[in-house]
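Here is a short tour of a few spots worth finding on screen. Please open the structure and follow along.

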Amino acid sequence: MALANKKFLPAAEERRRFQRVKVHLLGRYMLPDRREFPCQVINMSPGGLALLAPGIGNVGDRVVAYLDHIGRVEGKITRIIDNGFAMTVGATPRKRDKLAAQLTWLANRDILNLPEDRRHDRIVPRNPIAVLTLEDGTKMTCRIIDLSLSGAAIAAENRPPLKSTVLLGRVQGRVVRNLEDGFALEFLHSQPIETLEESVTAR
């Protein structure tokens with residue numbers, strides 16, 4: 001993918017210069033008034049992205065987003081789309097290079113069904129607050145970033161050790177990797193969709 005020498009590019013120039021990749025990435029973002037919302041990125045390039053979002057700001061607003069596999073990105077809203085908005089990605093040439101590599105990997109992962117590919121679609125629960133029980137019986141409150149029938153991404157100040165077994169609500173899982181502001185769980189047994197949210201938020 002071509003990389004830009006400028007830190008910020010107008011939306012039209014960004015579209016010409018970068019190839020957008022269709023992706024399915026979940027995350028969350030913060031608007032200038034500090035409200036946070038969950039989101040789903042539907043396409044992305046090293047210079048910009050489009051996402052589906054419940055809270056839509058104004059063109060020109062600064063947005064900070066935290067995305068699965070990508071991490072922290074920030075930029076400005078360039079246009080409003082159906083059920084969301086498009087934004088620039090402000091980054092140095094070096095970070096754009098890294099983003100291009102990440103996006104290439106994500107595109108190939110979806111085509112080749114590589115192991116990192118999640119087995120089930122992710123959802124954001126209506127009630128994201130849950131209780132996590134650690135191996136030693138300690139209980140802590142956490143926030144579910146998103147979850148599927150096979151696992152969950154958790155936002156928490158304290159990360160349990162990798163490979164440790166925990167209870168999310170009443171669902172047993174194993175810590176499989178650390179995230180920027182939490183960790184990822186893989187459930188020991190796939191969960192039925194009908195009772196998934198009730199089970200993970202049970203107290």
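## A covered strand

Let's begin with strand β3, residues 48–52, in this predicted model. Most of β3 is covered, with four of its five residues buried.

What lies beside β3? On one side of the pairing list is strand β2 (residues 36–45), which runs antiparallel to β3 and is joined to it by five bridges. A hairpin of two residues makes the connection from β2 to β3. If you would like a residue to click on, try V41, whose bridge partner in β3 is L51.

Strand β6, residues 84–88, is another partner of β3. Here too the sense is antiparallel, and the pairing extends over five bridges. To find this pairing on screen, look for L52, which stands opposite G84 in β6.

## Aromatic rings

How many aromatic pairs does a search of the whole structure find? The search finds two. One of them is formed by Y29 and F85, whose rings are 5.5 Å apart centre to centre, with 75° between the planes. This pair counts as edge-to-face because the angle between its planes is over 60 degrees.

The Y29 and F85 pair also links distant parts of the chain. Y29 sits in strand β1 (residues 21–30) and F85 in strand β6, and the two are 56 residues apart.

Are these two rings' residues buried or exposed? Y29 has 1% relative accessibility, so it counts as buried. F85 is buried as well, because its relative accessible area is 0%, and buried means under 20%.

F37 joins the picture too: Y29, F37 and F85 form one aromatic cluster.

## A leucine in a loop

Now move along to L162, which is found in the loop between β9 (151–155) and β10 (165–168). L162 counts as partly exposed because its relative accessibility is 48%, and a residue is called exposed when that value is over 50%.

Which residues does L162 touch, leaving aside those up to four places away in sequence? Its contacts are V175, V176, R177 and N178. For another landmark, look at F183: L162 and F183 are 21 residues apart in sequence, and their C-alpha atoms are 8.9 Å apart in space.

Definitions and conventions: Residues numbered from 1 in each chain as written. Predicted model: local features only at pLDDT ≥ 70, side-chain atom pairs only at ≥ 80, totals over all residues. Heavy atoms only, no water. Buried < 20%, exposed > 50% of the residue type's maximum accessible area, 1.4 Å probe, protein only. Contact = heavy atoms within 4.5 Å. Pairing = 2+ DSSP bridges. Phe/Tyr/Trp six-rings, centres within 6.5 Å; stacked < 30°, edge-to-face > 60°.
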